[in-house]
Amino acid sequence: MPFPVIAVELPDWIEDYVEQHGRSFATRHQRMAFAIGLAAENIARGTGGPFGAAIFERDTGNLVAPGVNLVVPSAVAVAHAEIIAIALAGRVRGTFDLGADGPTELYASTEPCAMCFGSVPWSGVSTLVCAARDEDARAVGFDEGPKLDDWRSALQSRGIEVVCDVQRDAAKSVLDRYAEGGGLIYNAGANR
Ligand SMILES: [Zn+2]
């Protein structure tokens, strides 16, 4: 039997969401609101975990690519929102280096897990902007993996700007809502 192609599709509602909310935002608060809104919509529609991400051009605020967590529906353990946004942005721009055509920013509704942290330097983005802290994700049961204690400095030492706590409360309330609604906590081995 041939192996299947790896294809992870965004949920259908994303196009409408972008249509409704726009694809260009002047401020970091607005760009983060877009990413948190993706997380909220992802749980409202039942299409994945409570995490959203987006990549914007730093200087214009134009959306390059959205991302949502698709681990459960896609049966892809690495389909975290940041990974989806990075992968999609590369396909949109036709290059793996998301800094090749000018600086870009990655917005994450929750601080990156160990894997997503690792993906940031490979992506070529100039800036990482986070809302909820990883302790907020851990508080509802998600495993964030073996992250460096000083992960911010590790990125900054590579010239990547890190901005935290942008609309933390709004993102945290999405995590809490997911947990209160009985959302699946899909850590490896947790549901056997
Ligand atoms: Zn992750």
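**Entry: helix H5**

I started with helix H5, where Ala114, Cys116, Phe117, Ser119, Val120 and Ser123 are buried. I kept in mind that this is a predicted model. Next I asked myself what the buried residues of H5 pack against. I found H4, E3, E4 and helix H7 (151-156) on the list. The spacing of those buried positions sent me back to a basic point: an α-helix has 3.6 residues a turn, so residues three or four places apart point the same way. Just after H5 I noted Gly124, with a positive phi of about 90°.

**Entry: the zinc ion**

Cys116 led me on to the metal. Which protein atoms are the donors of the zinc ion? I wrote down ND1 of His80, SG of Cys113 and SG of Cys116, at 2.1 to 2.3 Å from the ion. Along the chain, the donors are spaced as H-x32-C-x2-C. I also looked at where the outer pair sits: His80 is in the loop between helix H3 (71-74) and helix H4 (81-93), while Cys116 is in helix H5 (residues 114-123). These two are 36 residues apart, so the pair links distant parts of the chain.

Buried or exposed, I wondered about His80 and Cys116? Both turned out to be buried. Cys113 has a relative accessible area of 8%, so I put it down as buried too.

**Entry: other cysteines**

How many disulfides does the structure hold? I counted zero. I then checked Cys130, whose closest cysteine sulfur belongs to Cys164. The two sulfurs are 4.6 Å apart, and I left them unbonded because that is too far for a bond. Cys130 is buried, since its relative accessible area is 0%.

**Entry: the sheet**

I traced an open sheet of five strands, in the order E2-E1-E3-E4-E5, and its pairing is mixed. Why do strand E2 (63-68) and strand E5 (161-163) each have one side without a neighbour in the sheet? They stand at the edges with a single partner strand each, so nothing in the sheet flanks the other side. Ignoring direction, I get an average turn of 15° between neighbouring strands.

I reminded myself that strands of a sheet pair through backbone hydrogen bonds, either parallel or antiparallel. For strand E4 (residues 127-132) and E5 the sense is parallel, over three bridges. Val129 has Val163 in E5 as its bridge partner. I also saw H4 lying across strand E1 (52-57), E2 and strand E3 (104-110), and its angle to E2 is about 145°.

**Entry: the nonpolar core**

The largest nonpolar core has 56 residues. Which of its members touch the most others? My list reads Met32, Phe34, Ile55, Leu106, Phe142 and Leu155. Helix H2 (residues 28-44) gives the most to this core, with eight residues.

I picked Phe142 for a longer look. Setting aside residues up to four places away in sequence, I found that Phe142 touches Pro50, Phe51, Ala137, Tyr178, Leu184, Ile185, Tyr186 and Asn187.

**Entry: odd backbone angles**

I had a rule of thumb in hand here: most residues other than glycine have a negative phi. Ala75 is not a glycine, yet its phi is positive, about 55°. I located Ala75 in the loop between H3 and H4. It counts as exposed because its relative accessibility is 69%, and the cut-off for exposed is over 50%.

Gln167 is another non-glycine with a positive phi, at about 60°. Its place is the loop between E5 and helix H8 (168-180). With a relative accessible area of 23%, Gln167 is partly exposed. What does Gln167 contact, leaving aside its neighbours within four places in sequence? I noted His29, Met32, Ala33, Ile36 and Ala131. I also took the distance from Gln167 to Arg138: the C-alpha atoms are 18 Å apart, with their positions 29 residues apart along the chain.

**Entry: one last residue**

I finished with Glu180, found in helix H8. Its relative accessibility is 68%, so I marked Glu180 as exposed. Finally I went back to H5 for a distance: Ser119 and Glu180 are 30 Å apart in space, C-alpha to C-alpha, and 61 residues apart in sequence.

Definitions and conventions: Residues numbered from 1 in each chain as written. Predicted model: local features only at pLDDT ≥ 70, side-chain atom pairs only at ≥ 80, totals over all residues. Heavy atoms only, no water. Core = buried A, V, L, I, M, F, W, Y, C linked by side-chain atoms within 4.5 Å. Buried < 20%, exposed > 50% of the residue type's maximum accessible area, 1.4 Å probe, protein only. Helix = DSSP H or I, 4+ residues; strand = E, 2+ residues; numbered from the N terminus. Contact = heavy atoms within 4.5 Å. Donors = N, O, S within 2.8 Å, 3.2 Å for Na, K, Ca; no water. Pairing = 2+ DSSP bridges. Axes fitted to C-alpha atoms, helices over the stretch in contact; angles between N-to-C directions. Disulfide = S-S within 2.5 Å.
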